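Welcome, and please open the structure in your viewer. We will go from one selection to the next and look at what is there.

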Amino acid sequence: MFYADIAIRGRDKEHCQDSTYSYYTNDSAFLAVADGLGSHSYSHIGSCRVITILKQKLQNSLLVTHLEITKMPKEDLVRLVDELYQETIKEWKNWVSNQFSEKLDCTFSLVVAINDYVFYRSIGDSILLFSDKESNFLVIQSSDNVRSSFGSTPTLLSFSDGDYKKYNYLDSEKKGIVLSTDGLEDIIIKTADNPLYREVHSWFSEVFYRYYSQPKTFQKIIEKEFVSLYGQTKGDDVGFGYIIFGQDSSRT
């Protein structure tokens with residue numbers, strides 16, 4: 001498995017309001033992104049905090065500490081992923097209640113990959129991309145037809161059990177997954193036709209498969225070319241992480 005995560009500050013932004021995380025242990029990989037709401041002054045603190053809490057939770061999670069995790073039944077893995085996800089949000093909301101309230105609001109998505117299992121949990125507008133072949137890069141949106149008091153996208157402060165999407169994949173032929181905040185979505189996705197599965201531009205697939213093993217180079221391309229050339233209308237922050245199955249996980 002090769003894995004990496006990147007957060008890029010948007011054009012003319014004082015802070016990067018997106019936070020990302022990737023981790024690999026015991027043949028398991030973890031990706032997480034948190035998208036701070038651009039209209040809220042302190043959302044960069046909120047997005048950073050939810051990632052910090054996730055890291056702390058992972059230290060004591062059986063998903064990391066259990067030596068036989070790859071042999072556990074799928075039902076047990078589903079339960080552990082759900083517990084990790086919901087406990088992280090619960091602790092974040094308790095922390096927010098003593099801080100700045102809605103000014104810290106953000107979205108949060110998590111991917112856990114264990115052998116051929118891929119578990120995806122998301123509240124908000126982050127997205128998951130996966131591919132069977134290099135030429136077939138598709139997008140699944142996490143917030144289809146879900147609304148909350150905060151607008152068209154649910155957030156952590158509006159979180160309820162019905163607000164977030166769950167996907168559990170078991171397919172050894174899947175080559176890779178990319179988890180991203182909506183800053184990248186606006187740049188790479190073609191004009192939509194299918195509300196659930198939307199293709200990305202061919203140039204993004206080409207660059208991704210050429211440079212995914214060079215995260216620093218890939219980040220520069222996203223920052224200097226994609227964000228500046230294709231993100232002029234919004235200049236959003238960009239946060240994303242990716243896992244490529246069957247590849248060396250060493251960094252370059």
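## Stop one: a serine and its surroundings

Begin by selecting Ser 47 and showing what surrounds it: leaving aside residues up to four places away in sequence, Ser 47 touches Gln 17, Asp 18, Ser 19, Ala 34, Gly 36 and Cys 106. Keep in mind as you look around that this is a predicted model.

Is Ser 47 buried or exposed? Its relative accessibility is 0%, so Ser 47 counts as buried. Now display its side chain. A polar atom there lies 2.8 Å from the backbone oxygen of Gln 17, and a polar contact of 3.1 Å joins the side chain of Ser 47 to that of Ser 19.

## Stop two: helix α1

Widen the selection to residues 43–59, which form helix α1, where Ser 47 is found. What span should the 17 residues of α1 have at 1.5 Å a residue? The expected value is 24 Å, and the end C-alpha atoms are 25 Å apart, which agrees.

Next, colour the buried residues of α1, including His 44, Val 50, Ile 51, Leu 54 and Leu 58. Which elements do the buried residues of α1 pack against? They pack against β2, β3, α2 (62–65), α3 and β4 (106–114).

## Stop three: the hairpin of β2 and β3

Select residues 18–25 for strand β2. Of its 8 residues, 6 are buried, so β2 is largely enclosed by the rest of the structure. Add residues 28–36, strand β3: the two strands run antiparallel and are joined by 8 bridges. For one example, pick Thr 20 in your view and find its bridge partner in β3, Val 33.

Then move to the turn. There are 2 residues between the strands of this hairpin, and Asn 26 takes a positive phi near 50°.

## Stop four: helix α3

Now select residues 74–96, helix α3. This helix has 23 residues and reaches 33 Å from its first C-alpha to its last, close to the 33 Å expected at 1.5 Å a residue. Among the buried residues of α3 are Leu 77, Val 81, Tyr 85, Trp 92 and Trp 95.

## Stop five: charged pairs

Side chains of opposite charge can pair when their charged atoms come close. How many salt bridges does the structure hold? There are 5.

Start with Glu 91 and Lys 57, whose side chains meet in a salt bridge at 2.9 Å, N to O. This pair links distant parts of the chain, with Glu 91 in helix α3 and Lys 57 in helix α1, 34 residues apart. Glu 91 counts as partly exposed at 28% relative accessibility, and Lys 57 does too, at 24%.

Go back along α3 to Arg 79, which forms a salt bridge with Glu 83; their closest N and O atoms are 3.3 Å apart. Both residues lie in helix α3, 4 residues apart, or about one turn of the helix. Arg 79 is partly exposed at 40%, and Glu 83 is partly exposed at 33%.

Finish with Asp 82 and Lys 166, whose side chains meet in a salt bridge of 3.4 Å, N to O. Asp 82 lies in helix α3 and Lys 166 in strand β8 (residues 165–170), so this pair ties together parts that are 84 residues apart in sequence. Add Arg 121 to the selection: salt bridges that share partners join Asp 82, Arg 121 and Lys 166 into one network. Within that network, Asp 82 counts as buried at 14% relative accessibility, whereas Lys 166 is partly exposed at 43%.

Technical notes
Residues numbered from 1 in each chain as written. Predicted model: local features only at pLDDT ≥ 70, side-chain atom pairs only at ≥ 80, totals over all residues. Heavy atoms only, no water. Buried < 20%, exposed > 50% of the residue type's maximum accessible area, 1.4 Å probe, protein only. Polar contact = N/O pair within 3.5 Å; in protein donor to acceptor, adjacent residues only side chain to side chain. Contact = heavy atoms within 4.5 Å. Expected span 1.5 Å × (residues − 1). Pairing = 2+ DSSP bridges. Salt bridge = Lys/Arg side-chain N within 4 Å of Asp/Glu carboxyl O.
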